[in-house]
Each structure stands twice: as C-alpha cells, then as structure tokens.
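Please open the model in your viewer and keep the sequence panel beside it, since this tour moves from one selection to the next.

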Amino acid sequence: MLAAYAARIDPDRPLDALAVGEIDIAATPGGAQTPDDWVEIEVRAAALNHHDLFSLRGVGLPSEAVPMVLGCDAAGIAPDGSEVIVHSVINDPGYAGQDTTCDPRRTLLSERYPGTLAERVRVPRRNLVVKPAELEFAEAACLPTAWLTAYRMLFVQSGLRPGQTVLVQGAGGGVATALVLLARHAGLQVWVTSRSPERGERAVGLGAHAWFPSGARLPERVDAVMESVGAATWSHSINALRPGGTVVLCGTTSGAEPARAELTRIFFRPLRVIGSTMGTREELQDLVGLLVATGLRPVIDSRTPLADARDAFRRLESGAGFGKLVITTA
Ligand SMILES: NC(=O)c1ccc[n+]([C@@H]2O[C@H](COP(=O)([O-])OP(=O)(O)OC[C@H]3O[C@@H](n4cnc5c(N)ncnc54)[C@H](OP(=O)(O)O)[C@@H]3O)[C@@H](O)[C@H]2O)c1
C-alpha cells in the first residue's frame, strides 16, 4: 500500500532517508511482528510530528527496524464502520500500572510497529477512541500526539490554576499552538515567546495575552513554563519562574544539552522540573470531550495528500509551519 516510510537512517540529512511509495508492510520488520488480534484502521487523516524527523535520523529507531512506516497520529474508519481516533501509545501487554505513560516498555506507533502515514494501520483495539461527528478527520488526527501532550502538560503535570500565568516557549509548533489555545480556554494568562514577530503576533491572534522575543526579560515572573524547545530556551525558562514555580518539559527541538543546567537556581528558588510525555487513552478521551464542549479546534497549517508527503516533511524540517501539518488519504 502507499505509505511514507523510513527507507534507511540518515542522522544528518533525514529527508534523504524518507521514501513515499508502495510498500508491503507485512514484510517489514515491524509489520512482521504486529500481533494478529490487532484491528486494521482505514486511515483518513494523519499528522506529522517532530518525532517523524527524529525517526529518520535514527533517534529511537534502530537501523534493523527499517523500512519503517512513519507517523504517530491518525483518525479513520474501524472495521465495524465507526469513526475512530488512534491513541499512539502501545503498552507492553504485561504492564499493570494505571498511568500508561510510565510503562518503561511502552512504544509509539512507528517505533516498533508500523505507523500511521499509510492507507491503513493496525493497532490494539483498546487504543481506539470514538471520533465525534463534530470533529473533521483532519482535526481529529492532530490530537493523539501534540494536543494530547499539551493537554497533559497543562492539566495533569503543571499544577496551574485558572488566573495564574503560564509562559509557552515557541509560538508556532503543534504543541505550542495547542498549549496557547488550551491555556487561554482554561482561564490562564498566556504569554508566548517566539523568534519571529509574525509568529508571535499569530500566537496573540490565537489567544495569547502577549508575546515576547525568545530570551527577552518578562514584565514579571510566571507560575509555570511549558518547555518544548530545549537547549535554546532552558535558561530563560528557569529564570522566568517565580519561586516555587514549575517548568514542564516535553521536548528538545533545539537540542538536549543546554549551555547551563541552572542547577543552583533550581534548588535555591526552589523550582519544580516535571517531565511529560504524551498522555493516557483516558486523557485523549477527555481532550476530545473538551474540544466538543468548547468548540476549540486545532490549528492546521496545511493538508497534504499522502502521495505528496515529502512536501509536508520539508515544511516540518524548515520550521516554517504554524500549527499541525496534516496528511490526507482520501
Ligand atoms: N514528549 C512528548 O510526548 C512529545 C509529544 C509531542 C512533541 N514533543 C516534542 O516537542 C517539541 C515540539 O514539537 P512540535 O512538533 O510542536 O514543534 P517543533 O516544530 O519541533 O517546534 C517548533 C517550536 O520550537 C520553537 N523553536 C525551534 N527552534 C528554536 C530555537 N532555536 N530557539 C527558540 N525557539 C525555537 C519554535 O518557535 P518560533 O519559531 O516561534 O520561535 C516553534 O514554536 C519537539 O521536540 C517534539 O519532539 C514531545
């Protein structure tokens, strides 16, 4: 079937490792080990994430696992004809804990098993969430990774209450745009940083109360920082927090090794540093409920047919996108 996949690994030029074309998924290393009792979903829309570029670079994807179909997010049609959203976190069958993001053997689609950038994807039945009629397939496909991550950062990990102030580092990414919209709807004062005035203003257009150039001094310290940029903004995030404040960290787009770890400030103020990754199936269900109840919808940068997925990958790599890059199959 038609798919966008990692044909090999290339740490330096990830798009050189990308292939878009026909592939016999059952014959790939991941397809061959997919359990028989998983259900096959007809993908209507998928969405790109930075994770797909990391995979092409070999981060989390060993060379013996390729060719590997990329993609973590999908919405589509289940075998019984129902419309579904795919929760991408695949737990180890032996995992008994409540919080599925803490399963040390968990995997995301496209890491061990084939991902969602294909006409069909196979997943465990328990990973399906009903897609309400109010959401388009493209909107629903934005939720399982970036939006779920933002939801958990804000509502599960941060400890923020309505009326407090949150700083979102970066304005245009899928996670950042989700954070701005969710935080505004939750009654927080929302500040954003960006390297670009145009993107900063767009974040204000989405609902941020103010934007500041990356690294700029803020009018006052904030209650929490949502950090997905990593090395480039880490010191600023730590310095932006009021004593006792919280930084929630979900990504390292600009690198994972900041020039300064800021250890002294972290213990002396004292600050909380909380890691966050994806979310549970129940949180995805609650996120869907929030969108239905509020009318809030993901910011979609562009919709690209699967056959032209390379164009969307180029845009992802360039960093020029604002919101989610959606891939459509029909
Ligand atoms: N842990 C998880 O479960 C999880 C889930 C989803 C995503 N993530 C991670 O979260 C990160 C964000 O992903 P994404 O897809 O939303 O967007 P992305 O395209 O990786 O990030 C773009 C954002 O980072 C900012 N940015 C990039 N380089 C920067 C630099 N050198 N200095 C300052 N700002 C910079 C951009 O802001 P401006 O252009 O406005 O300056 C933009 O808002 C990625 O690292 C991803 O892997 C983690």
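Which of the 26 residues around the ligand come nearest to it? To find out, select the ligand in this predicted model, and then show His 50, Val 175, Ser 194, Arg 195 and Met 278, which come nearest among the 26 residues around the ligand. If you colour the whole shell by class, you will find 7 nonpolar, 17 polar and 2 charged residues.

Next, keep the ligand selected and look for its polar contacts with the protein. An N or O atom in the side chain of Arg 195 is 2.7 Å from an oxygen atom of the ligand, and a polar side-chain atom of Arg 199 lies 2.9 Å from a ligand oxygen atom. For Gly 173, turn on the backbone atoms, as here a polar backbone atom is 3.1 Å from an oxygen atom of the ligand. Taken on its own, the ligand has 910 Å² of accessible area, and the protein covers 86% of this. Now display the helices α2 (50-57), α4 (143-157) and α5 (174-185), which are the elements that give two or more residues to the shell around the ligand.

From α5 you can move to the strands that go with it, because β11, α5 and β12 make a right-handed β-α-β unit. Select β11, residues 165-169, where 5 of the 5 residues are buried. In a regular strand, the side chains alternate between the two faces of the sheet. In β11 both faces are covered, with Thr 165, Leu 167 and Gln 169 buried on one side and Val 166 and Val 168 buried on the other.

Which strands are joined to β11 by bridges? One is β12 (residues 189-194), which runs parallel to β11 and is joined to it by 5 bridges, and there you can pick out Thr 193 as the bridge partner of Gln 169. Another is β14 (residues 222-227), also parallel to β11 and joined to it by 3 bridges, where Met 226 stands opposite Val 168.

For the last stop, select the open sheet of 3 strands, whose order is β2-β1-β4 and whose pairing is antiparallel. Here β2 (18-22) and β4 (68-69) stand at the edges with a single partner strand each, so one side of each is left without a neighbour in the sheet. Finally, zoom in on β1 (residues 2-6), which 5 bridges join to β2 in antiparallel fashion, and locate Leu 2, whose bridge partner in β2 is Glu 22.

Key:
Residues numbered from 1 in each chain as written. Predicted model: local features only at pLDDT ≥ 70, side-chain atom pairs only at ≥ 80, totals over all residues. Heavy atoms only, no water. Near = heavy atom within 4 Å. Polar contact = N/O pair within 3.5 Å; in protein donor to acceptor, adjacent residues only side chain to side chain. Areas by Shrake-Rupley, 256 points an atom, 1.4 Å probe, with all protein chains shown as cover. Helix = DSSP H or I, 4+ residues; strand = E, 2+ residues; numbered from the N terminus. Nonpolar A, V, L, I, M, F, W, Y, C, P; charged D, E, K, R; others polar. Buried < 20%, exposed > 50% of the residue type's maximum accessible area, 1.4 Å probe, protein only. Pairing = 2+ DSSP bridges.
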